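Please follow this walk through the structure shown below, which moves from single residues to the packing of helices and back again.

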Amino acid sequence: MSYQCPLCQLPLSQLHNQFRCDNNHQFDMAKEGYVNLLPVQKKRSKDPGDNKEMMQARRHFLNQGFYQCLSDKVNQVSQSLIDTNATVLDLGCGEGYYSHRLAEALQLGDSQFYGLDISKVAVRYGAKRYKDIQFCVASAYETPFANSCFDLVTRIYAPSKDEELARIIKSQGYLVAVSPGPRHLFEIKQVIYPYPKEHELIEDVAPGFERYQRHRVTETITLNSSQDIHALLHMTPFAWRLSDDDMQALQSKPLTLTLDFDIDVWQRTD
């Protein structure tokens, strides 16, 4: 499988470290091994996606293994859905933590594994570290892939468009989508809001898909290090809502938190 041009949707051919379509649109592969397929005219800001601080915070937190329960379940579910000759995309891959662990779990063989994110700083880090995955900078709303090319797409907390997912996933292929469960990090919500509400589970069925499975992953963790707490807060939108005093208070002592993840498996029906 190859990329398609984000400007004209023709296939891109790779020659050495350059991708080119028949309309002579060219995209160079970076020295770290990724390709930037987000044209400047399609950017909504100078550096869209997570910035360096958010990426480093998430990288620190995930590398401590605090969300490994989620990663393990996504891997287990994905292994049950596809064989060893599959094409897989991690949509909104960030710096590649989940992508890499899934690729290892699937023991891909002849399969191909792609990671896509709009954050250049995150993709650069992932491509530099995980050489078994093909990374690209691109929009999840206009992906640089042909129709019906993926057997499996994973989407962990990433925004996307149903029509675009239906376009790139093969008939009878799967989407594994992770969203917050009702009680996810509820203890932090209790600090921010006077009347915190549980997160609502997604019940709507995306056009062209049917729900194949649903899983719930829950766990309790305790963060003993102020560095770990700081990383968690700064990799989430909570950092924007907490006052400085609340931020300091949360980091001043061990923090026990509820992890609650909803994993929906959708199958492409047509």
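Once its neighbours within four places in sequence are left aside, Gln79 is in contact with Ala105 and Leu106. In this predicted model, Gln79 lies in helix H2 and is partly exposed, with a relative accessible area of 42%. Although Gln79 and Leu106 are 27 residues apart along the chain, their C-alpha atoms are separated by 6.0 Å.

The contacts of Gln79 belong to the packing of two helices, since Gln79 of H2 and both Ala105 and Leu106 of H3 are listed among the residues that make the contact between H2 and H3. Helix H2, residues 68-79, and helix H3, residues 97-106, pack at an angle of about 45°, with their axes 9 Å apart. Because of that angle, H2 is oblique to H3, and the crossing of the two helices is right-handed. On the side of H2 the contact is made by Gln68, Leu70, Ser71, Asp72, Asn75, Ser78 and Gln79, and on the side of H3 by Tyr97, Tyr98, Arg101, Leu102, Ala105 and Leu106. Sorted by class, the contact of H2 with H3 has 6 nonpolar, 5 polar and 2 charged residues. An α-helix has 3.6 residues a turn, so residues three or four places apart point the same way.

Further along the chain comes helix H7, residues 226-234, whose buried residues are Asp228, Ile229, Ala231, Leu232, Leu233 and His234. These buried residues pack against several elements, namely helix H1 (52-63), helix H6 (186-192), strand E10 (209-223), helix H8 (238-241), helix H9 (244-251) and strand E11 (255-268). At the N-terminal end of H7, Ser225 acts as a cap, with a side-chain oxygen that lies 3.1 Å from the backbone nitrogen of Gln227.

Two of the helices packed against H7 can be described by their crossings. The axes of H1 and H7 come within 8 Å and cross at roughly 130°, and because of this angle H1 is oblique to H7. The crossing of H1 and H7 is left-handed. Here the contact is made by Glu53, Met54, Ala57, His60 and Phe61 of H1 together with Gln227, Asp228, Ala231, Leu232 and His234 of H7. By class, the contact of H1 with H7 has 5 nonpolar, 3 polar and 2 charged residues.

For H7 and H9, the axes come within 9 Å and cross at roughly 135°, and that angle makes H7 oblique to H9. The residues in contact are Ser226, Ile229, His230, Leu233 and His234 of H7 and Met247, Leu250 and Gln251 of H9. By class, the contact of H7 with H9 has 4 nonpolar, 4 polar and no charged residues. His234 of H7 is listed in the contact with H1 and also in the contact with H9.

Strand E11, which is among the elements that the buried residues of H7 pack against, also holds Gln267. With a relative accessible area of 9%, Gln267 is buried, and its side chain nevertheless has polar partners: the side chain of Gln267 reaches the backbone oxygen of Gln172 at 3.2 Å and makes a polar contact with the side chain of Tyr174, again at 3.2 Å. Leaving aside neighbours within four places in sequence, Gln267 is in contact with Gln172, Gly173, Tyr174, Gly208, Phe209, Glu210 and Tyr212.

Is Glu164, which has a place in helix H5 (residues 162-168), buried or exposed? At 8% relative accessibility, Glu164 counts as buried. The side chain of Glu164 makes a polar contact with the side chain of Arg167 at 2.8 Å, and, apart from neighbours within four places in sequence, Glu164 is in contact with Ala140, Tyr141, Glu142 and Thr143.

The last stop is Lys131, which lies in the loop between helix H4 (120-129) and strand E7 (134-137). Lys131 is exposed, with a relative accessible area of 59%, and its side chain reaches the backbone oxygen of Glu32 at 2.9 Å. The C-alpha atoms of Lys131 and Glu32 are separated by 9.1 Å, and the two residues stand 99 residues apart along the chain.

Technical notes
Residues numbered from 1 in each chain as written. Predicted model: local features only at pLDDT ≥ 70, side-chain atom pairs only at ≥ 80, totals over all residues. Heavy atoms only, no water. Buried < 20%, exposed > 50% of the residue type's maximum accessible area, 1.4 Å probe, protein only. Helix = DSSP H or I, 4+ residues; strand = E, 2+ residues; numbered from the N terminus. Contact = heavy atoms within 4.5 Å. Polar contact = N/O pair within 3.5 Å; in protein donor to acceptor, adjacent residues only side chain to side chain. Axes fitted to C-alpha atoms, helices over the stretch in contact; angles between N-to-C directions. Parallel < 35°, antiparallel > 145°, perpendicular 65-115°, else oblique. Left-handed = near helix turned anticlockwise from the far one by under 90°. Nonpolar A, V, L, I, M, F, W, Y, C, P; charged D, E, K, R; others polar.
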